[in-house]
Amino acid sequence: MLVQEFLESSADRLPDKVALIGDGQRLTYAEVEAQANRLANAFLAQGLQRGDRVVLFLPNCLELAIAIFAVLKASGVFVPLNPSTKSDKCAYILNNCQARFLITSGRQADLAQQLTQQVSSLKTIILTSPPAETSTGNVLNYTAIQGDYKSHKPPKVNIDLDLACLIYTSGSTGDPKGVMSDHSNVVFAASSIIEYLGNVESDIIIGLLPLSFDYGLYQLLMVFKFGGTLVLEKGFTYPAAILKRMEQERVTGFPGVPTIYAMLLKMDLSTYDLSSLRYLTNTAAALPPSHILQIRAKFPWATLFSMYGLTETKRTLYLPPDQLDKSPDSVGIAIPGTEVWIEDKQGHRLGCSQVGELVVRGRHVMRGYWGNPEASAARFRPGLMPGERLCYTGDLFRMDEEGFMYFVSRQDDMIKSRGEKVAPKEVENALYGLPGVREAAVIGVADPVLGQVVKAFVVQEGDELTPADILRYCRAHLEDFMVPKLVELCVQLPKTSSGKIKKTDLK
Amino acid sequence: MQSIEEMLRQHVAENILFSSQGYAYPDDASLLENGIIDSMNVMELVLFLEEKLGIKVEDFEIVPENFDSVSNLAAFARQKQSLFVSS
């Protein structure tokens, strides 16, 4: 099965059912299918070749959801980018994956023009809204495409070993890495998650997380697979508006991250009728056990799933909800059809209560990092059968006597803020780009709502820089969730005997 | 005396944009769509209204109609202040 067939088979089976709600519109499966086919035919007319990368640089919107399936229908590979990504990193990623197409909004038309100068592979830009000024070069418009191209389904070319998407994730070196998923990986992961969540056609899921984040993306993919409805929102910025929408649409599934739950728990929910809610899920970072109790008290009629995963395997573990009372701080067992174990540094499997690295086996283990054989070889290692890949997660776990897994810590210094991974090195690299910065060190500091916040320690050459200058620079060069919340100017940073910055002494 | 709009522009420029050149957008520009604020900054705006203008903001009032531009924020603040004065 190919990923675009999630949409195609639902459109055959349920053409008149509402598939997508968002931006004030309600689109049926037949309408989504027709729009995706028209866009796919435009890609092909523009010369898209099998396996070409199409970067999707958009906030959550209907066009983004449709474009994901259109790229696959045209036998391309979609690359979703966080909409707050700044120009340097966009250029890095487009060059890294040798993108041929870029889809973005009219507001980003200037950036798109700039990228055509910086990225030689980039041939065509598609704008989803009119730009402020007329653009030059090969720029198409989404609305015009919908009028100009036919809605017949393009011929199927790919097989399930072909790549479906690249999802860029922060690397500890500071450079983002594109996780390669083939169609079979995505189909397997989506099916496994649907199985343990028990999704049915009548499910209505609210999509708050960005489609550029695999947790957000899979909400769309899974809903289209089981023929449900996705209510697509741009985020949880206005919780009251989201709760109202959930009430109106009778939402049954709520995928959240700890920051969203921390915000929900501060609110009075008694004025909203959320009785339609069947389940809530959490991943990206662990919920504190006290929050688990409070969530269950606020939604006693709904089931809470605690989960764990990393982009390299999509989802890895889930806690069957009936175990939540017994092991609230566990993230559970391997998702259906997969297995996990814990290894020490010498590669020996460890028993219960021993701490080691979590290793994952299954068809959800992705294909590696795009164009990065060294990083791929470290993370994805040969498995039990010839040609098989295991994923070495880099996360330390322990297991209890009944086989339930407990997250202990990361092996690297990655920060988790708002459920997103922040590589200290990436923030430090940005800081070193600011004239006047002599030394910079970045750490995560515990925060009750955000999980961790990013804190930067900066030693400057003279005395001209203020914390506001540093924050302004960071805002211009880093995605929102990477921008430090705290900046401390220092005279010097603590060092080890070999002269390296000693981060363990920073607080 | 500073108008509410001026206070809001100054607050967003200094504490959210960290701008040394003030607030360079029209008052009716969407804060979120233009990337002026991110999702977490809305809570900072709530605190600003509560601490600097003495307004009590209820959860259900934190919606785009009240928060997504300098104009919306100012209109919301005035409406809340007038309710406070008249009650």
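How many residues does the contact between chain A and chain B take from each chain? Twelve come from chain B and 16 from chain A, where two residues are in contact if their C-beta atoms, placed from the backbone, lie within 7 Å. Select the chain B side and colour by residue class: the residues that touch chain A divide into seven nonpolar, three polar and two charged. Here Ala, Val, Leu, Ile, Met, Phe, Trp, Tyr, Cys and Pro count as nonpolar, Asp, Glu, Lys and Arg as charged, and the others, Gly among them, as polar.

A word on what you have loaded. This is a predicted model, in which local features need pLDDT of at least 70 and side-chain atom pairs count only at pLDDT 80 or more, while totals for chains, interfaces and linings use all residues. Residues are numbered from 1 along each chain as its sequence is written, and chains are lettered from A and ligands numbered from 1 in the order in which they are written.

**Stop 1: chain A, whole**

Show chain A as a cartoon. Its secondary structure comes to 14 helices and 26 strands; these are DSSP runs (helices are H or I, at least four residues; strands are E, at least two), numbered from the N terminus. The radius of gyration of chain A is 23 Å, close to the 23 Å of the globule rule for 507 residues, so chain A is as compact as a globular protein of that length. That radius is taken over C-alpha atoms, and the rule is 2.2 Å times the number of residues to the power 0.38. Along the principal axes, the C-alpha trace of chain A spans about 65 × 55 × 55 Å.

Now colour by burial. Of the 507 residues of chain A, 51% count as buried. The cut-offs: a residue is buried if 20 or more other C-beta atoms lie within 10 Å of its own, exposed if 12 or fewer, and partly exposed in between, with C-beta atoms placed from the backbone.

**Stop 2: the start of chain A**

Pick helix H1 of chain A, residues 4–13, where seven of ten residues are buried. Those are Gln4(A), Glu5(A), Phe6(A), Leu7(A), Glu8(A), Ser10(A) and Ala11(A). Add the cover around them, which includes strand S1 (18–22), helix H2 (29–45), helix H3 (62–73) and helix H8 (214–226) of chain A.

**Stop 3: domain 1 against domain 2**

Split chain A into domain 1 (29–182), domain 2 (236–410) and domain 3 (415–505); the bounds come from an automatic or database domain assignment. The C-alpha centres of domain 1 of chain A and domain 2 of chain A lie 29 Å apart. Their contact takes twelve residues from domain 1 of chain A and ten from domain 2 of chain A. On the domain 1 side, the elements giving two or more residues are strand S8 (163–169) and strand S9 (177–182) of chain A. S9(A) gives the most, with six residues. That side divides into five nonpolar, five polar and two charged residues.

Zoom in on the two strands. S8(A) and S9(A) run antiparallel, joined by six bridges; two strands pair if DSSP finds at least two bridges between them. Label Tyr168(A), and you'll find Gly178(A) in S9(A) standing opposite. Six of the seven residues of S8(A) are buried, so this strand is largely enclosed by the rest of the structure.

**Stop 4: H10 and Glu343 of chain A**

Next, select helix H10 of chain A, residues 258–265, with six of its eight residues buried. Among them are Pro258(A), Tyr261(A) and Leu264(A). The cover on this helix includes helix H9 (239–249), strand S12 (253–256) and strand S25 (451–460) of chain A.

Then jump to Glu343(A), in strand S17 (residues 339–343) of chain A. Is Glu343(A) buried or partly exposed? With 16 other C-beta atoms within 10 Å, Glu343(A) is partly exposed. Leaving aside neighbours within four places in sequence, the contacts of Glu343(A) include His348(A), Arg349(A) and Val359(A).

**Stop 5: chain B**

Finish on chain B, with four helices and zero strands. For 87 residues, a compact globule would have a radius of gyration near 12 Å, and chain B agrees with 12 Å. The C-alpha atoms of chain B fill a box of roughly 40 × 30 × 20 Å along the principal axes. Of the 87 residues of chain B, 29% count as buried.

Last pick: Glu14(B), in helix H1 (residues 4–16) of chain B. Glu14(B) has 14 other C-beta atoms within 10 Å, so this residue is partly exposed. Draw a distance to Asp59(B), 45 residues apart from Glu14(B) along the chain: the C-alpha atoms are separated by 25 Å.
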